[in-house]
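Thank you all for coming; I would like to walk you slowly through a structure that will be new to most of you. Please have a look at it on the screen before I begin.

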Amino acid sequence: MLGSGKRKSSKQWIQILGLGWMTMLGGAACAGDDSEPSTANDTHQGHFDTGSDSSMVADGVSDTAPIGDVPLEDTGDVVVDPATAACQNRCSVAEGCPDVDLSRCVQICLNAPVDACENQCLDMALDCDALALCLGAQPVVSPFEVAQYTVKIRGLAGHFIARTTRGQYSLKDRWTGRDSLFFLTMADGYAYPESLWASNFSFFLLEAPKNVQLFFMDVAGSSPDLDAMQEKIDKSLSKLDFAEQCHWRRQIHFVTQPPGQITGWLGEFMQAVGYFGFAVDRQQRTRILGMLQPPQSNGALQLSYLANEAVYFNFERDREQALAEVESTEVVMFDNKHVGTETIDVEFPSAQQMAAYDTMLIDFSAFCPEHLDQNCGEWDYLSYMFMCERPVEDNPWKTTTCQPKVEAAPEWLAESGICAGTPNFAAVPETLGSCADLGGECRTDRDCAEDVIAERMAVKSLNPYAWFEFETPGPAGWIDNAGVRVAENHGAFIDVLPDDGGVVGLNGQDVVTADAVFSEWTAKAFSIGVWFEPAMTTTSGVVWAIADRKHQPIVALQRDPDGGLLWVDGVTGTKTPVGVTVPDHAWALIVGVFDGTTFKLYVDGAKKGEWPLVWTPSPWDRLALGGKWNGTNGGDFLRGFLDDLVVFDRVITEAEIQTWVDASDAVGDVSGAVCMGYVAPVLAPGLCTTVEDCVGYTPAEGQQPACVGAVAQKDGVVGIAADTKPCQCELPEGGLTEAGKRQYTCVQTNAGVPGVCRGTEIPCQSDGECGQGESCVGALPPETGYADCNCPCDREIGRWITTYAREGRWVSDHSQFLPWFATGNTKRIRLNSGNAYDVTLKFLLQNRNKDSGAAKELVYLYGGGGYNATYNDKYQPVEVEIPADAKKVELFAYITGHGFGVEKANCAEFCNHTHHFTVNGRTFSHENSWANDQAGCKKQIKDGTVPNQYGTWPYGRGGWCPGMDVKPFVADVTHAVEPGKTTTITYKSLFEGEPYVPEPWESPFGGFPGNIVMNSWLVVYR
């Protein structure tokens, strides 16, 4: 995660009244001064039963009835009655007003009651601005679209007529394309609308643009809730000047009929979907609302957060107008395709055609499936677009036998290989034995002598939810609560270092996780036990932790270098000494028990302490072993051994813990135990340990006898480099790499994955025999060959930050990268997104007749790195030859800061790090002032930040915002260079005017150290 410093509210989905729409739960903001907040915690726009029959029609409803807000038909100029003449006279002030339509002014005057605020406003308005505010009589900027409407999100909204306290409202008659429409519905007994309607309306008036219409409805039609809301809004409006009061009274509607009785699109939409809150944007498309609350709040929603959506709708409208003003040639990379990370070849115009363009925009839409927020990824991740080099030819070596890389290892277990081109199966499969009188799997008597069978039987009798047995070789297998090994190896650990004796060794570098443990977890109470033998003297690390999906611990047990145990509450960030020392090279049974409110710790059966804990299980939580308590990135990790990690979905008693300890103590004299029934596998044609095993078998055509993938058992293995062959890559700007600098590399594409005999879960190879009538399912034979030419794909041409569980669209100027597209034709491009979306991505090529013409050359300057006291040490001056015909020269850089929670300055995500480039001694600086502003990203909605995300999106960041394209630093340095001569460029970064020196928090609260992600270039125009 790119970081907020706090955990995002978890998504929980509930179905309301069986109508199929799901609502999100989480935290919210404080209520306003004039109402008490609800204690509700459901923060997503809700869904409800309208309680009405969509076939019902409101009495007397007509879309041409001249009542209230509905304009009269144009009477023409044949006969002017006295009322019309009077209104024409009163509207004379509108003559010459650019934003007021004179004929609409007359219609509003005719339709309004004599004492209505519109007519009073006409008498009082002294200028065009006041008149426009009073009447809302602006000219139409986009006509009402009468095509077939839909009841789907982002679909076209249609015409409707609704009764209001001001008369009948007709959408097509009020539509101008200037306003955004918001619909809010109350239903008794639902926490979401009660919380939203209880919030302070005055805050909405302070933040909302004027081009907003609000519709308040109740599923029952008129209700005390509707009356109370009208009274509250009247109170807020009374504090405004007369013109603004008149404007908002015209823009706010109180619907007096049940939603299901509303004629037209609105009634149908409410019947089909039934959201508590939704909108129609300025392009007449239906939109759902995001999280209407500030982060880090206490459950109450905020009407003021509707203003965020309205500001964003205005931004979208302005963007559409700007795009329509310039003709573009579209090059489509993805067209509504579900994409996370993907590399594809994209066809551009020819080099001759590309020469006509001086501007390149990237139009990137990342939509949630079905346009539902709950279908989007949760976190704010970096997303990039890269330009790749392309191989000159297709790989001719994909199936050629070769030597793959062999990693050096302190221990290497024997593995059989396969004769190239022959089948892979065993004449006699391996059959595991059992220890006499004790049970348990074995291969040798030694397994029985070392196994703690009695202890495992004792644990099994306690009926665990799951336990993990660490076996040699390979990763740990998952054992279900019946003691049966699951064939798919669910919850398998990663980066496990196997050790003889059935334990896992942790080397001070790895973090071991088990993702599947909590995937179906329902219990809030739990118990965890593990045998632990520390083997470290200078490091600290986690014995076990329950962590969220980003490895941020919720609760953990840590061992410090002096051997002392620490209880860690990851939610509050507190660490408490247990008062127990576990010395190096000594085994201890450590058991933790949580009853839903209190955590108790037992060491070797004795209770050592208890602490309060707030934890609600999530299917995304997982077990983590070995990492620092505050994350997985760098620093100290656990050294030692773990055995028999056991998880219970309940509280185990002290008596049960003692049974466990007693069984462990009783595992005594098993020296006479015998492994019975073990059958070793027998190699068959195709399986081999050396090339001699393959002599006499006929390999596939074109192959020589070879034993591929076999590894003899050794005490130590010296690494072997992979076979390689040279290849060439085409550079984006044209030309080829030199031979030998790119390679086809020999890889093992799969390791001979075993399958299972259908119905019996007996392991089998791809052609292995199963029982009568059964077949081997899921097996893959080993394969070797050369991977494709490793042409780099590392030229960044765009950077975005994903949203917290919302969709977005960004149109960004990437014209500085045109030199890499100048040759036209096929370009290989990679989109590398942190989340998967339904993506539409287009390159928009334009000619804007720029004085400088198109960019012609890119010279790479500097990258970023870890942000610390030595950050600037690696940067040396760069000298660039400026072409004699250069018209313009720019500095161009993507600079984003990341890292929070472990250093006092919260660098580099939440601190104002500055970046200073000098060009021939002249300094050009970039700063991140938004990083100190709690509303820094909220203030950038007008520039494209997606509003109302489900996380800490409003907080300003160091060069970026969640749900926004990264804005590059661009500086015109033409005046600092001299064409035809060498330019010297330097770079450094400062924090508060000095090189950044991190000061660590005494009690870190999660996150990771500072890091600057930067790419910078000098751009030359000729």
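How many disulfides does the count come to? The answer is nine disulfides, and I should say straight away that we are looking at a predicted model.

Before I turn to some of those links, let me describe the chain as a whole. It has 15 helices and 56 strands, and buried residues make up 54% of its 1022 residues. If we take the contacts between residues at least 6 apart in sequence, 76% of them join residues at least 24 apart. The accessible surface of the chain comes to about 43,300 Å², and 50% of that belongs to carbon and sulfur atoms.

Now to the disulfides, beginning with the one that joins C91 to C105, where the S to S distance is 2.1 Å. This link is left-handed, with -85° about the S-S bond, and it connects C91, in the loop between α1 and α2, with C105 in helix α2, 14 residues apart. C91 is buried, with a relative accessible area of 0%, and C105 also counts as buried, at 0% relative accessibility.

Helix α2 deserves a moment here, because seven of its ten residues are buried, so that the helix, residues 102-111, is largely enclosed by the rest of the structure. The buried residues are R104, C105, V106, Q107, I108, C109 and N111, and what covers them includes the helices α1, α3, α4, α5 and α9.

A second disulfide joins C402 to C746, with an S to S distance of 1.9 Å, and this link is right-handed, with 85° about the S-S bond. C402 lies in the loop between β14 and β15 while C746 lies in strand β40, so the pair ties together parts that are 344 residues apart in sequence. C402 is buried, with a relative accessible area of 8%, and C746 counts as buried at 2%.

In a third disulfide, C937 and C961 have their sulfur atoms 2.2 Å apart, and the link is left-handed, with -95° about the S-S bond. Both cysteines lie in the loop between β52 and β53, and they are 24 residues apart in sequence.

Let me move on to the aromatic rings, for which a search of the whole structure finds 54 aromatic pairs. One of them is formed by Y862 and Y875, which meet edge-to-face, 5.5 Å centre to centre and with 85° between the planes. This pair links distant parts of the chain, since Y862 is in strand β48 and Y875 is in the loop between β48 and β49, 13 residues apart. Both Y862 and Y875 are buried.

How do the rings of F917 and F969 lie, and what is the pair called? Their centres are 6.0 Å apart and their planes are at 25°, so the pair is stacked, given that planes under 30 degrees apart count as stacked. F917 is in strand β51 and F969 is in strand β54, 52 residues apart; F917 counts as buried at 1% relative accessibility, and F969 is buried with a relative accessible area of 10%. These four residues belong to one aromatic cluster, formed by Y862, Y867, Y871, Y875, F917, F969, Y987, F991 and Y996.

Finally, there are charges over rings: the charged end of K725 sits over the ring of W397, 4.5 Å from its centre, and the charged end of R795 sits over the ring of W820, 5.1 Å from its centre.

Notes: Residues numbered from 1 in each chain as written. Predicted model: local features only at pLDDT ≥ 70, side-chain atom pairs only at ≥ 80, totals over all residues. Heavy atoms only, no water. Phe/Tyr/Trp six-rings, centres within 6.5 Å; stacked < 30°, edge-to-face > 60°. Helix = DSSP H or I, 4+ residues; strand = E, 2+ residues; numbered from the N terminus. Buried < 20%, exposed > 50% of the residue type's maximum accessible area, 1.4 Å probe, protein only. Lys NZ or Arg CZ within 6 Å of the ring centre and 35° of its normal. Contact = heavy atoms within 4.5 Å. Areas by Shrake-Rupley, 256 points an atom, 1.4 Å probe, with all protein chains shown as cover. Disulfide = S-S within 2.5 Å.
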